[in-house]
Amino acid sequence: MAEFPPLLVTNCSQLVTMAGPASPRVGDALRDLHIVNDGAMLVVEGRIAAAGWRGDIEPLAAQGTQVVDAGGRVVMPGFVDAHTHLVFAGNRADEFEMRCAGMTYQQIAERGGGIRSTVRRTREATEHELVATGQKYARWFLECGTTTVEAKSGYGLTVDDELKLLRAIRATAETIPLRCVPTFLGAHEIPDEYKTRSDDYVDLVVNEMIPVVAAEKLAEFCDVFCESKVFSVAQAERLLTAAKRYGLGLRVHADQFTSNGAVELAAKLGAKTADHLEQTTPQAIAAMKETGVQPVLLPGSVYAIGSQKYAPARAMIDAGLPVVVATDFNPGSSPTVSMTMILSLACTQMKMTPAEAITAATINAAWSLNRGHEIGSLEPGKIADFVLHDAEDYRELAYFFGSHRPYAVFTGGVRV
Ligand code: NIG
Ligand code: FE
């Protein structure tokens with residue numbers, strides 16, 4: 001990080017530190033945010049040097065320290081959004097209108113729309129154009145208090161177009177102070193030209209995409225949309241096994257519309273996460289628990305496609321799983337960058353408590369991206385990614401909905 005003077009953030013009504021064990025939080029620990037009332041935090045060289053009660057922290061500030069008066073606001077870690085489709089061309093407002101008139105997300109997909117229509121638009125776009133839209137959405141994320149996102153490819157579906165997307169993600173991260181963790185999702189959909197020979201497309205992903213993505217270090221994770229009429233469990237196993245051989249971590253779009261064994265596959269292969277899980281069974285929950293797969297719940301995609309079937313968050317918490325919540329930002333099923341909207345849905349629709357939802361959107365999400373030692377909490381040594389929220393009580397972030405914009409956002413100790 002660049003050189004800048006030390007920073008004292010003080011007069012925080014609540015400093016939500018999320019301090020705790022260096023591991024994903026489960027059970028009662030999901031509700032323990034380690035809040036310091038009347039808190040303060042000292043930041044040196046972009047990292048947190050001390051966090052605690054104002055009376056203890058203020059005397060530690062050396063001369064020349066820059067002071068940020070939080071004005072009695074809540075100060076929290078930046079949100080970590082562990083599932084986004086950050087970069088794509090165009091949008092699907094037309095399909096949105098069709099859904100409002102009664103068509104379902106899947107009917108539209110079966111008629112060649114859905115992911116495939118965004119693929120057609122994205123193939124036509126240049127890398128330069130994709131970087132510009134990536135930057136636009138990256139700014140939206142920052143404005144909403146998110147400081148790290150996982151960012152998937154998956155709207156190219158040719159070797160060149162998938163590489164173009166991953167390079168656009170990299171260029172976005174290099175030019176906007178939003179941290180991006182790239183995921184290769186070449187198996188997001190069966191492209192038009194492979195419609196009747198999906199195994200040949202799996203060959204292409206395994207033989208020609210994964211090796212280049214790994215060699216160029218364009219992604220840390222590999223994901224697959226394992227779903228009836230998309231990639232079968234057997235195909236997903238081939239894809240993920242190849243990715244694992246190349247050193248990529250694994251994430252799986254699983255049990256979104258049908259429960260088909262995708263979660264059990266994620267467990268068998270030691271995937272980091274299984275995402276969606278709206279149709280997940282008690283057996284699948286047990287398999288995640290046994291093998292340490294983190295569930296990533298995406299209530300925005302349930303809400304926006306007009307479904308009522310949310311993932312069974314309470315059963316997962318009761319089973320001791322380190323749940324994560326994320327936006328699933330994408331142009332079809334979940335066009336939102338707002339993590340506070342997701343907190344609202346997590347609480348009202350999945351019956352999580354505000355504290356559980358915040359843990360799921362910060363420290364647990366950070367662990368799911370292999371970043372738990374760097375971000376997700378305000379503890380000494382960690383990167384100073386934090387947000388001043390216009391709230392006196394952290395619960396307001398989930399309680400007010402549809403209106404919230406943070407007061408100030410910092411990444412690496414620098415205001416953005
Ligand atoms: O996570 N389910 C697959 N992928 C996305 C939707 C992408 C799109 O509709 O463009 C999801 O919901
Ligand atoms: Fe997704």
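The paragraphs below lead from ligand 1 to the iron ion in this predicted model. Local features need pLDDT of at least 70 and side-chain atom pairs count only at pLDDT 80 or more, while totals for chains, interfaces and linings use all residues. Residues are numbered from 1 along each chain as its sequence is written, and side-chain values use heavy atoms, with hydrogens and water left out.

Ligand 1 is surrounded by 15 residues, the closest being Arg92, Tyr105, Tyr155, Gln256 and Ser333, where a residue counts if one of its heavy atoms lies within 4 Å. An oxygen atom of ligand 1 is 2.6 Å from an N or O atom in the side chain of Ser333, and a nitrogen atom of the ligand is 2.8 Å from such an atom in the side chain of Gln256. The protein buries 100% of the 330 Å² that ligand 1 exposes when taken alone (accessible areas by the Shrake-Rupley method with a 1.4 Å probe).

Asp328 links the two sites, for its side chain has an N or O atom 2.9 Å from an oxygen atom of ligand 1, and its OD also coordinates the iron ion (ligand 2) together with NE2 of His83, His85 and His253, at 2.1 to 2.4 Å (donors are N, O and S atoms within 2.8 Å of the metal, or 3.2 Å for Na, K and Ca). Along the chain, these donors follow the spacing H-x1-H-x167-H-x74-D.

Note on methods: Chains are lettered from A and ligands numbered from 1 in the order in which they are written. A polar contact is a pair of N or O atoms within 3.5 Å; within protein, one must be able to donate a hydrogen and the other to accept it, and residues adjacent in sequence count only if both atoms are side-chain atoms.
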